[in-house]
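Visitor: I would like to go through this model with you, one question at a time, and hear the reasoning behind each answer.
Guide: Gladly; let us put it on display and begin.

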Amino acid sequence: MQIKKEIKNIVSTSKTYDVLRKVKAKVQKYKGRISPKGMDAIRLSYAGYYDKCPVFKNIILYEAYAGRGLLCSPYAIFKMFSKRSDFRDYTHVWVLENEAKAEEAAKEWNQENIIFVIRDSEQYLEYLCKAGVLINNLSFPSYYTKKPEQLYINTWHGIPLKTLGFDIPDGRITGLNTIRNFLSVDVFLSPNRFMTDIFKNAFRLDGIFEGGIMESGMPRNDNLFHTDKKEIIKKLRKYGVEVDDTKKIIMYAPTWKGEKYSNPDISTESYFELIDKLEQVVDTDRYQILVKPHQIVYKHIVENGKVLTDKFIPAD
């Protein structure tokens, strides 16, 4: 936030007696721009719902990548559940990051028992407290506190071949909310023993994690075998991706690079170089090359106004 940077600069460059005067002037300048619905207000509102809202066993809340979409294993679980006869006996609450995504999802899943809420909204805070089952592939906000009656299932979102948690620099600080979330989890879905060991060791949870670990594979992988190919191609074209349905797809989906997850390397040159090299060695009459950047990389690429071609799959 710009005001924080400017105040930090004042403190580091001004004489002691002059700091207070300059800081007060800077705060006054930004006073009208600071959102009244800041994190403190959200925490206070959440606390109110926590005290007054009972837990309903028939409410299930789904969240993936902090509301980026109906995605990953939470979506796979939701889709499979939607085929069950008792699906309508439950209220299904999906968390999305903005109104546009909520409206789009509502068109596809237009049922009375499916609700779409915006992350950090009043509705979101209420359902965080009311849902009997919560399913996430990442972590809930730092203000979330699991009630004893709630069942928290964490599916995670991949099998890391790099360092995580305490194994990365400053991990004990940057991973605080993830670790706190894990300590609240009742069931952790692990794809295999490799991931189970990382979960226990990288996050220092061995011996203190009280939930259960199910080495059951990744629910999202079911979608690889139970999804209509024509429907996927239709969605890709809607996103502006150039898809030739007469060719097979070679997809490159790398993880993020850089020193910090919050500030990844967003250079796109390597992607274009890889596409060029692959197109030189494969039969382009039979194959097409598509790239799907990691979601945090894609987010920063878009925010920085970088232009991607129709060979890139959006992280939505």
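Visitor: Which residues touch the most other members of the largest nonpolar core?
Guide: This is a predicted model, and what follows is computed from it. In soluble globular proteins, nonpolar side chains tend to be buried together. The largest nonpolar core here has 34 residues, and those that touch the most other members are Leu61, Tyr124, Leu128, Phe140, Phe182 and Phe188.

Visitor: Which element gives the largest share of this core?
Guide: Two or more residues come from each of α3 (39–52), β1 (56–63), β2 (91–96), α6 (122–130), β4 (131–136), α8 (176–182) and α9 (193–202). The largest share amounts to five residues, and the element that supplies them is α6.

Visitor: Which residues does Tyr124 touch, leaving aside those up to four places away in sequence?
Guide: Tyr124 is among the residues with the most neighbours inside the largest core. With residues up to four places away in sequence left out, the contacts of Tyr124 are Glu63, Val95, Val117, Ile118, Arg119, Phe140, Pro141 and Tyr143.

Visitor: How many residues are in the other core, which lies apart from the largest one?
Guide: Among the members of this other core are Ile60, Phe81, Ala102 and Val187. The number of residues in this core is 24.

Visitor: Which strands stand at the edges of the seven-stranded sheet?
Guide: The sheet is open, its pairing is parallel, and its strands follow the order β3-β2-β1-β4-β5-β6-β7. A strand with a single partner has one side left without a neighbour in the sheet, and this applies to β3 (114–118) and β7 (212–215).

Visitor: By how many degrees are neighbouring strands of this sheet turned against each other on average?
Guide: If direction is ignored, the average turn between neighbouring strands of the sheet is 20 degrees.

Visitor: Which residue is the bridge partner of Tyr62 in β4?
Guide: Strands of a sheet pair through backbone hydrogen bonds, either parallel or antiparallel. For β1 and β4 the sense is parallel, and the pairing runs over five bridges. Within β4, the bridge partner of Tyr62 is Ile135.

Visitor: Which residue of β2 stands opposite Leu61?
Guide: β1 also pairs with β2, in the parallel sense and over four bridges. Opposite Leu61, in β2, stands Val93.

Visitor: Which residue of β3 stands opposite His92?
Guide: The pairing of β2 with β3 is likewise in the parallel sense, and it extends over five bridges. In β3, the residue opposite His92 is Ile114.

Visitor: What is the hand of the crossover from β2 to β3?
Guide: β1, α4 and β2 make a β-α-β unit that is right-handed. From β2 the chain passes through α5 to reach β3, and this crossover is right-handed.

Visitor: Is β2 largely enclosed by the rest of the structure or largely open, and why?
Guide: A residue counts as buried when its relative accessible area is under 20%. Because five of the six residues of β2 are buried, this strand is largely enclosed.

Visitor: How many of the residues of α4 are buried?
Guide: The elements that cover the buried residues of α4 include β1, β2, α5, β3 and β4. Those buried residues are Cys72, Ser73, Pro74, Tyr75, Ala76, Phe78, Lys79 and Phe81. Of the 10 residues of the helix, the number buried is eight.

Visitor: Is Arg68 buried or exposed?
Guide: Arg68 is found in the loop between β1 and α4 (72–81). Not counting residues up to four places away in sequence, Arg68 touches Glu97, Lys101, Gln295, Ala315 and Asp316. Since its relative accessibility is 10%, Arg68 counts as buried.

Visitor: What is the approximate phi of Tyr65?
Guide: Most residues other than glycine have a negative phi. Tyr65, placed in the loop between β1 and α4, is buried, with a relative accessible area of 12%. Although Tyr65 is not a glycine, its phi is positive, at about 50 degrees.

Visitor: What is the approximate phi of Trp156?
Guide: Trp156 is found in the loop between β5 (151–154) and α7 (171–174), and at 8% relative accessibility this residue counts as buried. Trp156 is not a glycine, yet its phi is positive, at about 55 degrees.

Note on methods
Residues numbered from 1 in each chain as written. Predicted model: local features only at pLDDT ≥ 70, side-chain atom pairs only at ≥ 80, totals over all residues. Heavy atoms only, no water. Core = buried A, V, L, I, M, F, W, Y, C linked by side-chain atoms within 4.5 Å. Buried < 20%, exposed > 50% of the residue type's maximum accessible area, 1.4 Å probe, protein only. Contact = heavy atoms within 4.5 Å. Pairing = 2+ DSSP bridges. Axes fitted to C-alpha atoms, helices over the stretch in contact; angles between N-to-C directions. Right-handed = clockwise from strand over helix to strand, strands pointing away.
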